[in-house]
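Visitor: Could you take me on a close look at a single part of this model, and then show me how that part sits in the rest of the chain? I would enjoy one connected walk.

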Amino acid sequence: SNEINFIEHVQIELDMEYTKRGDLAINLTSAMGVRTMILQERPLDSSKDGFHKWKFMSVHSWGEKPAGTWKVKVRDMKGTDNTGTIKSARLIIHGTKEIPHHVTESGGQRVYNDEYNKVKDERDERRKNAVHLEKFTQGLF
């Protein structure tokens, strides 16, 4: 199945002409509203070649749900007399149908999207119970 419910990484394939590509900055906003800098302005890049079928990649959206509207924003950070044309932009999403198995450095399970509140509530309840237990055992001795 090609069904993707959880993102692992995304790519933007950009085909564009531009008179000085080093003046460009590119941001991607996911369907869930997470903003990612895909490309930062590069003052030493004076190429006039633009980007031809260039793939930019990010893992910033790891664990997000892919459905919805994504936005790509291309800006000239110098505001000079540069000119260009975006011929095409394509979003490529890589991910899994099932929640990825991932263990954090502390040994805990990584929390994804809808699970967050459920897991947070359970964790808060355990902490509250642990504090009550600690106060109870202190009173015994």
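Guide: Let's start at the hairpin that S2 and S3 form, with five residues between the two strands. In this predicted model, Gly33 lies in the turn and has a positive phi of about 90 degrees.

On either side of that turn, strand S2 covers residues 24-29, and strand S3 covers residues 35-39. The two run antiparallel and are joined by four bridges. You can follow the pairing from one bridge to another: Thr29 has Arg35 in S3 as its bridge partner, while Ile26 is matched with Leu39 in S3. As background, strands of a sheet pair through backbone hydrogen bonds, either parallel or antiparallel.

Now pick out Thr36, which belongs to S3. Is Thr36 buried or exposed? Its relative accessible area is 6%, and because buried means under 20%, Thr36 counts as buried. Which residues is Thr36 in contact with, leaving aside its neighbours within four places in sequence? They are Ile26, Asn27, Leu28, Ser58 and His60. Of these, Ile26 is the residue we just met as the bridge partner of Leu39.

Stepping back from the hairpin, we find S2 and S3 in an open sheet of three strands, ordered S3-S2-S5, with antiparallel pairing. S3 and strand S5 (71-76) stand at the edges of this sheet; each has a single partner strand, so one side of each is left without a neighbour in the sheet. Neighbouring strands here are turned by 25 degrees against each other on average, direction ignored. It may help, when you look at side chains, to recall that in a regular strand they alternate between the two faces of the sheet.

There is also an open sheet of three strands in the order S4-S1-S6, and its pairing is antiparallel. Its edges are taken by strand S4 (51-58) and strand S6 (84-96), each with a single partner strand, so one side of each has no neighbour in the sheet. In this sheet, neighbouring strands are turned by 20 degrees against each other on average, direction ignored. Strand S1 spans residues 6-18 and is joined to S4 by six bridges, the two running antiparallel. One place to see this is Gln11, whose bridge partner in S4 is Met57.

From S4, you can carry on into the loop between S4 and S5, where Trp62 is found. Trp62 has a relative accessibility of 28% and therefore counts as partly exposed. Its C-alpha atom is separated by 8.7 Å from that of Val10, although the two residues are 52 residues apart along the chain.

Finally, here is the chain as a whole. Its secondary structure comes to one helix and six strands, and reading along the sequence gives the pattern β-β-β-β-β-β-α. Among contacts with a separation of 6 or more, 77% are between residues 24 or more positions apart. Of the 141 residues in the chain, 26% are buried, and Thr36 is one of the buried residues. The accessible surface of the chain comes to about 9,800 Å², and carbon and sulfur atoms account for 51% of that surface.

Key:
Residues numbered from 1 in each chain as written. Predicted model: local features only at pLDDT ≥ 70, side-chain atom pairs only at ≥ 80, totals over all residues. Heavy atoms only, no water. Buried < 20%, exposed > 50% of the residue type's maximum accessible area, 1.4 Å probe, protein only. Contact = heavy atoms within 4.5 Å. Pairing = 2+ DSSP bridges. Axes fitted to C-alpha atoms, helices over the stretch in contact; angles between N-to-C directions. Areas by Shrake-Rupley, 256 points an atom, 1.4 Å probe, with all protein chains shown as cover.
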